[in-house]
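Hi,

Here is the structure I said I would pass on. Have a look at it first, and my notes follow underneath.

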Amino acid sequence: MGMSEFYGSGDDQASTEVIHRALDFGCTFLDTADMYGPFTNERLVGQAIAGRRDEVTLATKFGNERREDGSWVGVNGHPDYVRSACDASLERLGVEAIDLYYQHRVDLTVPIEDTVGAMGELVAAGKVRHLGLSEASADTVERAHATHPVAALQTEYSLWSREVEAEILPTVRRLGIGFVAYSPLGRGFLTGRYRSAGDLPEGDTRSDRFPRFNDDNLAANLALVDRVEELATRLGCTPGQVALAWVSAQGDDVVPIPGTKRMHYLEENLAAADVELSSDDLAWIDEHLGQPAGDRYADMGTVNR
């Protein structure tokens with residue numbers, strides 16, 4: 001996402017090199033969405049994997065409808081839109097099939113059975129291989145899975161976003177659904193790189209879209225980051241690697257998807273696979289890392305809870 005929008009300016013050539021480097025390192029799970037850009041990120045990813053399609057498990061998403069000029073239409077889960085959005089994504093990506101196709105946000109005006117039913121038609125047509133949901137409640141996941149098997153649920157999960165542990169993680173585990181943790185680095189905050197709003201790049205929207213970055217909450221949340229840095233120093237790694245190692249330690253069915261557009265951070269993130277947290281480390285985290293200040297989004301209305 002950050003390669004094309006929201007986190008400051010992008011560089012398609014540099015981003016393509018990062019994707020190629022990721023594939024060279026054996027990182028094969030790539031996640032995009034039609035609304036990133038909008039539409040430009042799918043084209044970027046599609047061009048980057050041209051000639052290497054068989055190395056990639058490709059995920060994209062629909063449902064956050066936007067216009068070409070970037071304006072927002074709203075959340076759309078109508079069956080006709082599902083079909084047209086998929087066809088458009090296939091064209092932009094330049095592929096014959098999408099490995100994992102998510103509903104990006106749940107449309108509360110459309111029964112989930114209707115949306116997932118249309119998604120299931122895409123599987124039958126060979127356009128999609130597996131279905132996913134994003135930011136769906138436990139009840140919604142249950143109903144969706146009863147309509148057509150759901151392979152993965154993607155929801156925010158990190159050291160400062162653990163809400164899914166109450167109901168959602170137990171539900172997907174009972175149903176045999178994988179869990180994809182987006183923003184496992186807390187949108188970069190857990191790396192310790194951002195100590196004030198002024199540290200964000202020009203054009204970055206994090207302080208506007210995510211209350212945990214604004215001045216009212218920043219001091220409290222920096223105290224949490226200080227704890228992560230304390231543990232990282234003890235383990236001889238970076239705070240970001242602690243954050244990723246923690247997500248990975250939550251189970252083999254939990255997959256973190258850290259995003260970056262810079263080679264240095266790609267390599268740092270991949271090296272987190274070599275960081276192992278002991279049971280004592282995990283217990284220390286539970287004891288010393290409290291709740292963050294502020295909601296995950298400025299508008300929590302599109303999060304199905």
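Let me start with helix 11 (residues 279-288), bearing in mind that this is a predicted model. Ser279, Asp280 and Glu287 are exposed, on the other side of helix 11 from its buried residues. Those buried residues are Asp281, Trp284 and Ile285. They span an arc of only 100 degrees around the axis, so they end up on the same side of helix 11. That fits the usual geometry: an α-helix has 3.6 residues a turn, so residues three or four places apart point the same way. As for what lies over the buried residues of helix 11, the cover includes helix 8 (215-235) and helix 9 (239-248).

Next, the rings. How many aromatic pairs does a search of the whole structure find? It turns up six. One to look at is tyrosine 157 with phenylalanine 179: the ring centres are 5.7 Å apart and the planes sit at 85 degrees, so this pair is edge-to-face. Tyrosine 157 is in the loop between strand 7 (152-156) and helix 6 (168-175), while phenylalanine 179 belongs to strand 8 (residues 178-182), so the pair ties together parts 22 residues apart in sequence. Both tyrosine 157 and phenylalanine 179 are buried. Together with Trp246, Tyr157 and Phe179 make up one aromatic cluster.

Finally, two arginines with rings under them. Arginine 193 has its charged end over the ring of tyrosine 265, 3.7 Å from the ring centre. The charged end of arginine 212 sits over the ring of tryptophan 160, and there the distance to the centre is 5.2 Å.

Cheers

How values were computed:
Residues numbered from 1 in each chain as written. Predicted model: local features only at pLDDT ≥ 70, side-chain atom pairs only at ≥ 80, totals over all residues. Heavy atoms only, no water. Phe/Tyr/Trp six-rings, centres within 6.5 Å; stacked < 30°, edge-to-face > 60°. Helix = DSSP H or I, 4+ residues; strand = E, 2+ residues; numbered from the N terminus. Buried < 20%, exposed > 50% of the residue type's maximum accessible area, 1.4 Å probe, protein only. Lys NZ or Arg CZ within 6 Å of the ring centre and 35° of its normal. Arc of directions from axis to C-beta. Contact = heavy atoms within 4.5 Å.
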